[in-house]
Amino acid sequence: MDQVNWKEQVELRKKQLMEDTKGLLRIPSLLDEENVKEGAPFGPEIEKALSYMLDLGKESGMIVKNVDGYAGHIEIGNGEDIVGVLCHVDVVPPGDGWSVEPFGAEVKDGKIFARGAIDDKGPTMAAFYGIKIIQELKLPLSKKVRMIIGCDEESNWRCVRHYFTKEEMPAIGFAPDADFPIISAEKGIFDVEFRLDNNQKEETSDLHLLSFTSGQRLNMVPDYAEAKIQASNLEEIQQSFEAFGEKSVIEYQAQIEGDALILKVKGKSAHGSTPDMGKNAGLMLGEFLNTLSFTGNAKSFLRLLDELTGEFTGNKLDIAAEDEASGNLTVNAGILSYDQVEGGKVGLNIRYPVTHDSKKIENTLSTRAKTDDWSMRIIENNPPNYVEESHPLIQTLQKVYEDQTGKKGELMAIGGGTYARSLETGVAFGALFPGREDVAHQKDEHMFVEDLLLASAIYAQAIYELAK
């Protein structure tokens, strides 16, 4: 049985694999906290996506379990030890500017397009088919293989936290939710929110920032920003903004409505772990507003935005750090908002190196907050994940990747956070292949069909090698 042609087995199931993938991608599984209910703690569409996967497992004769709608699992094999494959079916909002329907699962030019195609529904289905092939070939296993399906990965990971209070944690495993070859190091994730209450400083000029909004998620680079201002010279400010937009080569719009000037900027979204790959619309708009003479709380709000503009490694905030294993610290300003009555809010998504002490970040930012009368709240601090190259898990996955691709199984480090860090020993393993553009969290997200098939073959062999 060691001589299974895994690619051939995938090809035999290609038609059904594609149909099942399309079906999952067509479910708009966005967090919907306004419509939660028992069994659907993250909303009806995420519950539908979880049920979709569990039904596929049940139809294939596998053991399935729904853990209160927070997560579920699909299982094959026997034995005391468990090999975990950790996936998720929730997705981030699609945003604007798509050339296709974001949940249409359209196939063109050899790619399947949809929000979640590469993060993480396509890879999830590839891993499921890896398990399905092992099941259908009746290959002998000495361990259980358990695909754990989370429902809140793109937000606060409440899914796996709840799941592991009720179910056993696998000793080893992988998450098909990043890049090939192998992610052996994942930076720590430090989410923090600054708040500026509107009870501090009065404005002393006729220039007023009425409102500022940008961003939906901490782990996304905002692709849109809008501000409303009042002043005695609105036409002059409008002309300055238009000149700024032309010089900065950004998409912009300015219009006077009544006694207010509305400024709009379009940027480019990207994953929060790679803020340099996007164009932060909020920071671009803030850069212009900082050329004006705001006072009071508006000035404090914009001063913090200025310290986030122009670089992504935290130098201006004095939190820069790096190490050999995982590289530089990065900062994404994911949520930026201000209201003249309510005050301001800035949410940061910070990815810090695996050897760095997050307490240093906390202390430095806390000091910074106090200097301008901000309050600071730590939303979450998710520690780094690191597995040494000599570990048998790494050795096995390297061998499988090299068998299936003919290329070297290099180890990598990322700023992204995957479910791999939920395991005692876990790594991220695919499914974005080297040379492919990373379109996770971006418009026109897609996965190459040939990559979906190859990933399925890789996962089938990897799961078998780890559990045989």
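Let's start at glutamate 168, which counts as partly exposed because its relative accessibility is 45%, a value between the 20% that bounds buried residues and the 50% that bounds exposed ones. This is a predicted model, so keep that in mind as we walk along the chain. Glutamate 168 sits in the loop that runs from helix H5 (158-166) to strand E7 (172-175). On the surface, Glu168 gathers with Glu80, Asp81 and Glu424 in a patch of negative charge.

Now step back by one residue, to glutamate 167. Which side chain does glutamate 167 meet in a salt bridge? The partner is lysine 65, with an N to O distance of 2.5 Å. This pair connects distant parts of the chain: glutamate 167 belongs to the loop between H5 and E7, while lysine 65 is in strand E1 (residues 63-67), and 102 residues separate them. The two partners fall into separate burial classes: glutamate 167 is buried because its relative accessible area is 14%, under the 20% limit, whereas lysine 65 is partly exposed because its relative accessibility is 38%.

The salt bridges of this model number 22 in total, and a few others deserve a visit. One of them pairs glutamate 445 with arginine 115, whose closest N and O atoms are 2.7 Å apart. Glutamate 445 is in the loop between strand E23 (431-432) and strand E24 (446-448), and arginine 115 is in the loop between strand E5 (111-113) and helix H4 (121-136), so this salt bridge ties together parts that are 330 residues apart in sequence. Are these partners buried or exposed? Both glutamate 445 and arginine 115 are buried.

For a salt bridge inside one helix, turn to glutamate 362 and lysine 359, where the closest N and O atoms are 3.3 Å apart. These residues are separated by about one helical turn because they are three residues apart in helix H9 (residues 358-371). Glutamate 362 is partly exposed because its relative accessibility is 22%; lysine 359, with a relative accessible area of 43%, is partly exposed too. Elsewhere, Arg303, Glu307, Arg368 and Asp372 are joined into one network by salt bridges that share partners.

Just past that helix comes a backbone feature you may want to look at. Aspartate 373 lies in the loop between H9 and strand E19 (375-382). Although aspartate 373 is not a glycine, its phi is positive, at about 65°. With a relative accessibility of 37%, aspartate 373 counts as partly exposed.

Tryptophan 157 offers another case of positive phi in a residue that is not a glycine, here about 60°. Its place is the loop between strand E6 (144-150) and H5. Is tryptophan 157 buried or exposed? Tryptophan 157 is buried, because its relative accessible area is 8%, which falls under the 20% limit.

The peptide bonds hold something to check as well. The bond from phenylalanine 180 to proline 181 is cis, with omega near 5°, and proline 181 is in the loop between strand E8 (178-179) and strand E9 (182-186). Glycine 430 and alanine 431 are also joined by a cis peptide bond, with omega at about 15°. Alanine 431 is found in strand E23.

Back to charge, this time of the positive kind. Lys266, Lys268, Lys279 and Lys443 gather in a patch of positive charge on the surface. Among them, lysine 279 is in the loop between strand E14 (260-266) and helix H7 (281-289). Lysine 279 counts as partly exposed because its relative accessibility is 46%.

Our last stop is glutamate 465, in helix H11 (residues 449-467). Its relative accessibility of 22% makes glutamate 465 partly exposed. Which residues does glutamate 465 touch, leaving aside those up to four places away in sequence? They are Thr396, Lys399 and Val400. For valine 400, the separation from glutamate 465 is 65 residues in sequence and 8.2 Å in space, C-alpha to C-alpha.

Technical notes. Residues are numbered from 1 along each chain as its sequence is written. This is a predicted model: local features need pLDDT of at least 70, side-chain atom pairs count only at pLDDT 80 or more; totals for chains, interfaces and linings use all residues. Side-chain values use heavy atoms; hydrogens and water are left out. Patches are made of residues with over 30% relative accessible area and no salt bridge: like charges are joined within 9 Å, nonpolar side chains (Val, Leu, Ile, Met, Phe, Trp, Tyr) within 5 Å. Accessible areas come from the Shrake-Rupley method with a 1.4 Å probe; for residues, only the protein chains shown count as cover. A salt bridge is a side-chain nitrogen of Lys or Arg within 4 Å of a carboxyl oxygen of Asp or Glu. Lys and Arg count as positive and Asp and Glu as negative; His and the chain ends are not counted. The place of a charge is taken as NZ of Lys, CZ of Arg, CG of Asp or CD of Glu. Helices (H or I, at least four residues) and strands (E, at least two) are DSSP runs, numbered from the N terminus. Buried means under 20% relative accessible area, exposed over 50%, partly exposed in between (1.4 Å probe, protein chains only). Contact means heavy atoms within 4.5 Å.
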